Amino acid sequence: MTETRTDATLTRTGRRGSRGPVNRDEVLLEIKDLRVTFQRRGGPATAAVDGVSFSVKPGEIVGVVGESGSGKSVTSMAVMGLLPQRGSKVTGEVLYRGENLLTMGQRQLADLRGSELAMVFQDPMSSLNPVIPVGLQVTEVLRRHQDISREDARVEAEDLLRRCGIPDPRRRLSEYPHQLSGGMRQRALIAIALACKPALLICDEPTTALDVTIQAQVLELLKELVNDLGTAMVMITHDLGVVAGLCDSVNVMYAGRIVEAAGRRELFAHPRHRYTEGLLNSIPRLDAPRGEPLQPIPGTPRDTIAWSKACAFAPRCLHADDECVVGDLPLVQLGRVNHPVRCVHPAPEEEPHG
Amino acid sequence: MLRFAVRRILLMVPVLFGLSVLLFAWLRALPGDPARALLGEKATPASIAQVNATYGFDQPLLQQYLTYTGRLLHGDFGSSPRTGEPVLGTFLDRFPATVELAVAAMIFAITVGIPVGYFAAKRAGGLLDTIAVSGSLLGVVVPVFVLAYLLKIVFAIGLPGQVFGFSLADLAFLPSSGRQDPRIDATHVTNFYVLDGLLTREWDAAWDALIHLILPAIALGSIPLAIIVRMTRASVIDVLNEDYVRTAAAKGLAPSLITRRHVLRNAMLPVVTVIGLQTGALLSGAVLTESVFAFNGIGSYLFDAISGLDFAVLQGFILFIALVYALVNLVVDLLYGVIDPRLRTK
């Protein structure tokens, strides 16, 4: 275990600092056929994540997009090993530098968490401990993973907060979360996540709880920091605007499965799945004629069918017919490279979007 | 924080004044005649008149109240017509026993209750949890004096018979009553017997007082224990689901550190409230436990005072108890601020 840790640290130091010398063929995180089912005692099992596979290369920013309940947060929790042990069942593989996180020992996983793998959570209001000074919440992760004295950790924490755009960081260290604004708290959480310069950062809707103006600032900060550190990022969001400004590639999830995956430009230029198309159509556009109503996707994510019998999106899809409800649909490459889609009647390739 | 404490202490003055008025009126409204209660059935009208004159029971109520308050302000709490003992002296004599017992009972309830509640919450629905939840229900339901007698019979008096060749009488290794073995010639400074033993370096006296506390403390602590177990369990279950505990896990922190720093501190707030309320309640005396173990605290004395319509003792004791209760609550409020910075007063 010690040997692998040293190796990992070496490789990481090798490419730290800038995003330049990243080996794009190497795979940092590979999720293979991840399945998460929740079961209450006596109740039926529900699959929140149903066979998800994607990979993240070093330094890459991968988006996971979907509505509430599509399984995107559960995917990230499963990767970090943060799902409750009881009542949830996780199968498949999550390979981090070739090692399966799902079968790894708790201690070994804890060694990686916070140092190699880090996470920024959705709600900055509740994700910081209210009864402990912000400073301690930053230094505790430094002291957990680095051989560093209390004083050095404090200096480092002050520097981290400053780099995350928190004014007067020295004073903030001794303050409590309730004395910080929502944006400041999210910045503090980002500082905590990036404290040990992780190789992979998972952001679970980091801007959802924030003011719109603060959202943009926080995203800009994240982009800048991961770029500086060479950290790869998985950005989980329901906001296609976030994806457009940030991600290298995008996975669109619906009802626990990936329904379309593509590079960012490819996805926005040629969305093929009808769900992706619907998402893009429902974005308000500045260049649209005045007074034109938005086109929402009808129904709610609850109107669904089990994937084993049909396309789960069929009940809400404008193009659905009998062919969509005959059986399990595979994720298939449609014409173009690296653009798998799970759809019987995909949008035509030529149709220019917007 | 200091200003807050001072303000709260000053606020106690009007509260205690109001209480003294209410108490005075209340006690006078009780059915029965204090002089008759004092003299018994064979009282003659002449002796009753004499007692009434001595203690001023023949004066108008307002006059009686003013006289009482006037003496109170000079620190004179009067003396009991029943025993002739001064109220203040008796209280100072007996209250340490009650405090000792209450503190021992709370130490037992807290040191057992918080860990049991915590582990029950950690494995909610598991075996320990089921035992803890049903056991705590039992703790509340079983009357204190039943538990007190059971403990006394098993661990002090001794049951006859043998189980697996082991004599049940051997279990009875604890003293059955009192606060200290009278054969020990202990010096008493503060009337807190354990403390006295430590202060005077009479270790045997301290130890003896301590083992006399065990059974009464367990009997008296059973209800606070049950409440603390349930409160801790519920509170820890809540906190374990909090986002910041997940954040702590995402940092890779050791489980023991997460428990100490992130779970327990947050879970303690409601538990501290309960501990404060229970401590206050125990300090007002435990009539049943005190009588079973012949533990001379204020509980049994108050009980006798009520039966004897002993106004002076009742007024004095209840005022002291109210004062102590208010102080305990102040300590709890200050503790809130220590635990939760959001509640700190500027």
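Visitor: How do you know that the span of helix α5 of chain A agrees with its number of residues?

Guide: This is a predicted model, so what follows is computed from it. Helix α5 of chain A takes in residues 150-163, which is 14 residues, and at 1.5 Å a residue that should span 20 Å. The end C-alpha atoms are 20 Å apart, so the two agree.

Visitor: Which residues of α5(A) are called buried, and what makes a residue buried?

Guide: They are A:A153, A:A157, A:E158, A:L160 and A:L161. The label means that 20 or more other C-beta atoms lie within 10 Å of a residue's own.

Visitor: Why say that those residues line one face of the helix?

Guide: Look down the axis of α5(A): the buried residues fall within an arc of 160 degrees, so they line one face. As for the pattern, an α-helix has 3.6 residues a turn, so residues three or four places apart point the same way.

Visitor: What do the buried residues of α5(A) pack against, and which residues are exposed on the other side?

Guide: The partners are α4 (134-145), α6 (169-173) and α7 (182-194) of chain A. Across the helix, A:E151 and A:D159 are exposed.

Visitor: What phi does A:G165 take, just after α5(A)?

Guide: A positive one, about 80 degrees.

Visitor: And between the chains, what makes up the side of chain B that touches chain A?

Guide: Here 18 residues of chain B are in contact with 25 residues of chain A. The largest share of chain B's side, six residues, comes from α10(B). By class, that side has six nonpolar, four polar and eight charged residues.

Note on methods. Residues numbered from 1 in each chain as written. Chains lettered and ligands numbered in written order. Predicted model: local features only at pLDDT ≥ 70, side-chain atom pairs only at ≥ 80, totals over all residues. Helix = DSSP H or I, 4+ residues; strand = E, 2+ residues; numbered from the N terminus. Expected span 1.5 Å × (residues − 1). Buried ≥ 20, exposed ≤ 12 C-beta atoms within 10 Å, placed from the backbone. Arc of directions from axis to C-beta. Contact = placed C-beta atoms within 7 Å. Nonpolar A, V, L, I, M, F, W, Y, C, P; charged D, E, K, R; others polar.
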